[in-house]
Amino acid sequence: MDKQDSQDRRDKPDAQTSDARPVLEGPDIARVVTRIAHEIVERAKGADDVVLLGIPTRGVFLAQRLAAKLEQITDRKVPVGSLDITMYRDDLRMHPPRALARTEIPGDGIDGRLVVLIDDVLFSGRTIRAALDALNDIGRPRAVQLAVLVDRGHRELPIRADYVGKNLPTSLRETVKVQLAEEDGRDTVLLGVKPTAQQ
């Protein structure tokens, strides 16, 4: 299978999710966001110095949902932004060029703040390593924590999430696809099997 075939498969997510089964649905995801928001408030003893940074694409939408929930809980706005890690990835030479996403840091910055990185799926840990490198170029937080919707295991780096929506044991043959209403029209997490290469 050549590189173009690989790209074609990546460009057709339905081919990888046609036999997938949902492991989280919309109400489950809403409950997870609420639970994680309460956990952040408890661990941070409020949310006075918390900044949420979502990793594009779906991590940004999750960060925005968490910020809205934190505002409900604490009655104060929590700064929320996005952190593009494209140029910090260690696999740039192994994949086709990626479009750059946006980095938006709240006006007060991140220096001395508790930054909570938000992503949809934690897998190898390499995305989070790239996010930490990107943060290092922006400022010096007091501390950095990680919240993910799904932890599917198979870590390649010593990285652990502080807040996990669902621990989902998987095999390397399986795929985990998060769909969110803002991007995909619905909220669900799908577990499927990678298509085998055609001979």
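**Exercise 1. Pairing around strand 5**

Identify the bridge partner of L117 in strand 5 of this predicted model, and state over how many bridges strand 4 and strand 5 pair.

*Solution.*
Step 1. L117 has L146 as its bridge partner in strand 5.
Step 2. This bridge belongs to the pairing of strand 4 with strand 5, which is parallel and extends over eight bridges.
Step 3. The chain passes from strand 4 to strand 5 by way of helix 5, a β-α-β crossover that is right-handed.
Step 4. Turning to strand 6, Y163 is the bridge partner of A147; strand 5 and strand 6 run parallel and are joined by four bridges.
Step 5. Seven of the nine residues of strand 5 are buried, so strand 5 is largely enclosed by the rest of the structure.

**Exercise 2. Order and edges of the sheet**

Determine the order in which the five strands form the open sheet, and which strands stand at its edges.

*Solution.*
Step 1. The order is 3-2-4-5-6, with parallel pairing.
Step 2. Strand 3 (80–82) and strand 6 (163–167) each have a single partner strand, so they stand at the edges, with one side of each lacking a neighbour in the sheet.
Step 3. From one strand to the next, the twist averages 25°.
Step 4. Between strand 2 and strand 4 there are five bridges in the parallel sense; G54 has I118 as its bridge partner in strand 4.

**Exercise 3. Helices on the sheet**

State which strands helix 3 touches as it packs on the sheet, and which strands helix 5 lies across.

*Solution.*
Step 1. Helix 3 touches strand 2, strand 4, strand 5 and strand 6, and its direction makes about 150° with that of strand 6.
Step 2. Helix 5 (residues 126–138) lies across strand 2, strand 4 and strand 5, at about 155° to strand 4.

**Exercise 4. The nonpolar cores**

Name the residues that touch the most other members of the largest nonpolar core, and find the element that supplies its largest share.

*Solution.*
Step 1. The core holds 34 residues, of which V50, L52, V116, L149 and V189 touch the most other members.
Step 2. Helix 3 provides the largest share, seven residues.
Step 3. The contacts of L52 beyond four places in sequence include I40, L66, V80, V116 and I118.
Step 4. Another core, of 19 residues, lies apart from the largest one; among its members are I110, L117, L135 and A161.

**Exercise 5. Confidence**

Establish what pLDDT the protein averages, and where the pLDDT is below 50.

*Solution.*
Step 1. The average is 88, and 85% of the residues score at least 70.
Step 2. Residues 1–16 have a pLDDT below 50, although this stretch has 13 contacts in the model beyond near neighbours in sequence.
Step 3. Predicted coordinates should not be read in detail where pLDDT is low.

Conventions:
Residues numbered from 1 in each chain as written. Predicted model: local features only at pLDDT ≥ 70, side-chain atom pairs only at ≥ 80, totals over all residues. Heavy atoms only, no water. pLDDT = per-residue confidence, 0-100. Contact = heavy atoms within 4.5 Å. Core = buried A, V, L, I, M, F, W, Y, C linked by side-chain atoms within 4.5 Å. Buried < 20%, exposed > 50% of the residue type's maximum accessible area, 1.4 Å probe, protein only. Helix = DSSP H or I, 4+ residues; strand = E, 2+ residues; numbered from the N terminus. Pairing = 2+ DSSP bridges. Axes fitted to C-alpha atoms, helices over the stretch in contact; angles between N-to-C directions. Right-handed = clockwise from strand over helix to strand, strands pointing away.
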